[in-house]
Amino acid sequence: LVTVRDLFKHTADYAGKTVSVGGWVRSVRASKTFGFIVLSDGTFFQPLQVVYHDTMDNFAAISKTNVGAALIVRGTLVETPDARQPFELQAEEVTVEGASTPDYPLQKKRHTLEYLRTMTHLRPRTNTFQAVFRVRSLAAYAIHQFFQERGFVYVHTPLITGSDCEGAGEMFQVTTLDLNNVPLTEDGKVDYTKDFFNKPTNLTVSGQLNGETYAMAFRNIYTFGPTFRAENSNTTRHAAEFWMIEPEIAFADLSDDMRLAEDMIKYIISYVLENAPEEMNFFNQFVDKGLLERLHHVMTSDFGHVTYTEAIALLEPHNDQFEYPVHWGSDLQTEHERYLTEVVFQRPVFVTDYPKEIKAFYMKLNPDGKTVAAMDCLVPGIGEIIGGSQREDDLETLRNRMHELGLKEEDYGFYLDLRKYGSARHAGFGLGFERCVMYLTGMGNIRDVIPFPRTVNNCDL
Ligand code: 4AD
Ligand code: MG
């Protein structure tokens, strides 16, 4: 079988030749003596146009083919320079590999994204999701290529862990204990000595702490894997299971970290524009009209920079238009992030140097004693897509910070060792991969950029 991609990319080579293609029927239009089948094999954004005639024995049967059926078509490729599509396949033989039934849910009409979310197993057969998941795949490849070209080591960090990197307590517990019959100690606590790992464990919220240990050996590393948050946030930007890319760079500070993040974002954009032009044009036409212009602008201009303190000064005068008014010390909500990036900067912007109280324990304390060397990258349409920081590399300062937050030293022995044995300045960040795909495609809901979304009350397939 040849692929539809090959036929589109090398049409002249195939012209006049007989080829066989396998795919799924998008639509069938039949008249008395001939008919058209639109067939998609998923290898190319545009489907294949097949023409068949009543000279075939099974002409009547083919005309009754249901949408969704899997067919194999053998035929001659004929160029059609005057038609909308550059060629068609004139069928000589059509074989039904697997029939479909008339209740196939994806009939040839526009379905809403909400409706398609109810069938995550079939939605990849639609134009929109063909485009989304092709771009997702390419973006993942671009990210690996970006880091590998720069000599970063790809580290596989564990999904089961005993720590809470972000300290927000948003963890899914992992246990082999029978929840209907939990073993108890004499003083009535859960007896974790009977649990698989002999202690409470959870699904990781971030690979960062493990990543840091490898940065102290390989200098530049990155992770790319699933992370989990039991956040009860039912929004268009939060998922309970999402993929994160976390580079960590040694002998580097916050400026190096931001430069790396900006270069990476620009690299991903240019990669998908070059490698998925059909899909990106589709998004620009049907999902988000300003998308291509915006992405080109991002590639050719510098990201904005603003400190948290400056950002508050920019936001405070507009407090009457926010649902949550801001003051120095408040965490930025999506509405504030979007105001900064959409109204003030109109391009991606880094907000730096947040108050230590609203950030994680591992961030490097600034000389002012009040803020930490943190950065969030905000983009129009979404808000935060990256969170990062320089890490606290001073053993005593880190210890003090952990005491302030009530973290137990014995739980972080390995982490403190890094500050004891050859501590080095280092920094890193986490890019939320789904938010990145939303940014690349203009899709408005995280549920539509991950194949099988896990969100509050939703773990269907
Ligand atoms: O800002 P966060 O929590 O940072 C960390 O986890 C750090 N350990 C990263 C690091 O420095 N290595 O998360 C990083 C990014 C966010 O900017 C956001 O894009 C994404 O992960 N993210 C989520 N994406 C989807 N659903 C959620 N519930 C998310 N929570 C965070
Ligand atoms: Mg964050």
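A residue counts as near a molecule if one of its heavy atoms lies within 4 Å of it. This is a predicted model, in which local features need pLDDT of at least 70, side-chain atom pairs count only at pLDDT 80 or more, and totals for chains, interfaces and linings use all residues. Residues are numbered from 1 along each chain as its sequence is written, chains are lettered from A and ligands numbered from 1 in the order in which they are written, and side-chain values use heavy atoms, with hydrogens and water left out.

**Exercise 1.** Find which residues come nearest to ligand 1.

*Solution.* Step one: look at the 25 residues around the ligand. Step two: pick out Glu 166, Gln 208, Glu 231, Glu 246 and Glu 384, which come nearest.

**Exercise 2.** Find how far a polar side-chain atom of Arg 391 lies from an oxygen atom of ligand 1.

*Solution.* Step one: recall that a polar contact here is a pair of N or O atoms within 3.5 Å. Step two: read off 3.0 Å for Arg 391. Step three: add the cover, since ligand 1 taken alone exposes 630 Å² and the protein buries 93% of that (Shrake-Rupley method, 1.4 Å probe).

**Exercise 3.** Work out why one side of β7 and of β8 is left without a neighbour in the sheet.

*Solution.* Step one: strands are DSSP runs (E, at least two residues), and two of them pair if DSSP finds at least two bridges between them. Step two: the open, antiparallel sheet has the order β7-β9-β8. Step three: β7 (160-161) and β8 (173-174) stand at the edges with a single partner strand each, so one side of each has no neighbour.

Key. A polar contact is a pair of N or O atoms within 3.5 Å; within protein, one must be able to donate a hydrogen and the other to accept it, and residues adjacent in sequence count only if both atoms are side-chain atoms. Helices (H or I, at least four residues) and strands (E, at least two) are DSSP runs, numbered from the N terminus.
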